[in-house]
Amino acid sequence: MANTELKAKDYKSGIKPVWCAGCGDFGVLSAITKALAGLKIAPHDTAVISGIGCSSRIPAYVNTYGFHGVHGRALPIATGLKISRPDLTVLVTGGDGDGFSIGGNHFMQACRRNVDITYIVMDNQVYGMTKGQASPTTDADWDRSKLTPHGTNINPFYPLVVALASGANFIARASSSNPGGAAEVISEGINHPGFSFIQILSPCVTFRPEQREWKKFVRPAPIDATTDPTTAARRLMTDDNFYLGVLYKGDRASFQPDFEENPASEENLEEEFKL
Ligand SMILES: Cc1ncc(C[n+]2csc(CCOP(=O)(O)OP(=O)(O)O)c2C)c(N)n1
Ligand code: SF4
């Protein structure tokens, strides 16, 4: 239901975030609330689902329905919700550890399944909440974690490339240093049918203080989003991870099972599981 009166601040819950001062996640929270207000999607028509991590605290800070789930399991929860309540706008928020490490297989399957949800990953290339371990997007030579004092010596994972290869229908990168720009990308992702994946570069100022410099490196991608996966693959494989904007827009139809044909009811379920 559209509500023309709401402003970005009306989508905030009033709970004060416990994030460290300067954490990039503040910018992402602001971008999400701006996007929802701009699209005039009422809080009661929206659900924000997360796993566990500093970034996964977002559902508590927004005034929509929400579910702060289990580490790495936000996408299956959101998928179930969206297919049973297609009328809701469903966002998923979390970190690179939550989404690409423990939740990595759910990430690929969600891209492949292409349910109409928008997945926002606050990528800080570290596990912030558990005090600074390397994540799948950490560079191989990052040697500031006590667990990997000589670096991980493992090549990082490129989430945008994996998203494309797995079938995501919308792929974008934004920066927490520009909440207005990130809000535009989030709005486009919500409006695009199917699974939208948005990586937001969001510094962990406590365990990766050098990421404060990211705002100097990020810049708009010099070319418009392509609809051609081959062109997108070439671009994503060769970019330096600091190009911002919508990078790929596919034309796959969203996956939405028709429950009218096979309505779920308690009796049907009991029948199905009878021993
Ligand atoms: C099953 C399970 N394994 C491990 C943990 C511990 N844990 C909580 S948050 C987290 C990683 C958080 O990193 P990330 O998702 O990148 O989010 P950030 O805190 O950086 O925003 C881990 C390993 C957990 N809560 N549950
Ligand atoms: S530990 Fe890092 S990710 Fe977590 S709140 Fe602090 S700055 Fe943000």
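These legends describe close-up views of a predicted model.

**Figure 1. Overall build of the chain.**
The chain contains 10 helices and 8 strands. Its radius of gyration is 19 Å, close to the 19 Å that the globule rule gives for 275 residues, so the chain is as compact as a globular protein of that length. Measured out along the principal axes, the C-alpha trace spans about 60 × 45 × 40 Å. Of the 275 residues in the chain, 44% are buried. Among contacts with a separation of 6 or more, 71% join residues 24 or more positions apart.

**Figure 2. The open sheet and its edges.**
The sheet is open and is formed by 8 strands in the order 2-1-3-4-6-5-8-7. Its pairing is mixed. In general, strands of a sheet pair through backbone hydrogen bonds, either parallel or antiparallel. The edges are taken by strand 2 (65–68) and strand 7 (219–220). Each of these has a single partner strand, so one side of each is left without a neighbour in the sheet.

**Figure 3. Strand 1 and its two partners.**
Strand 1 covers residues 46–50, and 5 of its 5 residues are buried, so strand 1 is largely enclosed by the rest of the structure. Thr46, Val48 and Ser50 point one way from the strand, while Ala47 and Ile49 point the other way. Residues on both faces of strand 1 are buried. Strand 1 runs parallel to strand 3, and 5 bridges join the two. At one of these positions, Ser50 has Thr93 of strand 3 as its bridge partner. Strand 1 also pairs with strand 2 in the parallel sense, over 4 bridges. Here Ala47 stands opposite Tyr65 of strand 2.

**Figure 4. Strand 8 between strands 5 and 7.**
Strand 8 (residues 243–249) pairs with strand 7 in the parallel sense over 2 bridges. In this pair, Pro220 stands opposite Leu244 of strand 8. Strand 8 also pairs with strand 5 (residues 170–175), in the antiparallel sense and over 4 bridges. There, Ile171 stands opposite Tyr248 of strand 8. In strand 8, 5 of the 7 residues are buried, so the strand is largely enclosed by the rest of the structure.

**Figure 5. The nonpolar cores.**
In soluble globular proteins, nonpolar side chains tend to be buried together. The largest nonpolar core in this model has 55 residues. Ile32, Tyr119, Ile171 and Ile186 have the most contacts inside this core. Helix 1 (residues 25–39) gives the core its largest share, 7 residues. A second, separate core has 7 residues, including Cys23, Val126, Ala134 and Phe207. Back in the largest core, Ile171 shows how contacts can link places apart in sequence: leaving aside neighbours within four places, Ile171 is in contact with Leu160, Ala163, Leu164, Phe197, Leu247 and Tyr248.

**Figure 6. The surroundings of ligand 1.**
Ligand 1 is surrounded by 20 residues. The closest are Gly53, Gly95, Gly97, Asp98 and Gly128. Strand 3 (89–95) and helix 4 (96–102) are the elements that give two or more residues to this shell. The largest share, 4 residues, comes from helix 4. By class, the shell has 8 nonpolar, 10 polar and 2 charged residues.

**Figure 7. The surroundings of ligand 2.**
The residues around ligand 2 include Trp19, Cys20, Cys23, Asp25 and Cys54. Asn124, Gly128 and Met129 are also in the shell, together with Cys204, Val205, Thr206 and Phe207. These residues divide into 8 nonpolar, 3 polar and 1 charged. Gly128 is also among the closest residues to ligand 1. Cys23 and Phe207, also in this shell, belong to the second core.

**Figure 8. Lys131 in its loop.**
Lys131 is found in the loop between strand 4 (118–123) and helix 6 (159–166). Is this residue buried or exposed? Lys131 has 12 C-beta neighbours inside 10 Å, and the limit for an exposed residue is 12 or fewer, so Lys131 counts as exposed. From Lys131 to Leu6 the distance in space is 37 Å, C-alpha to C-alpha. In sequence the two are 125 residues apart.

Methods: Residues numbered from 1 in each chain as written. Chains lettered and ligands numbered in written order. Predicted model: local features only at pLDDT ≥ 70, side-chain atom pairs only at ≥ 80, totals over all residues. Near = placed C-beta within 6 Å. Nonpolar A, V, L, I, M, F, W, Y, C, P; charged D, E, K, R; others polar. Core = buried A, V, L, I, M, F, W, Y, C linked by C-beta atoms within 7 Å. Buried ≥ 20, exposed ≤ 12 C-beta atoms within 10 Å, placed from the backbone. Contact = placed C-beta atoms within 7 Å. Rg over C-alpha atoms; globule rule 2.2 N^0.38 Å. Pairing = 2+ DSSP bridges.
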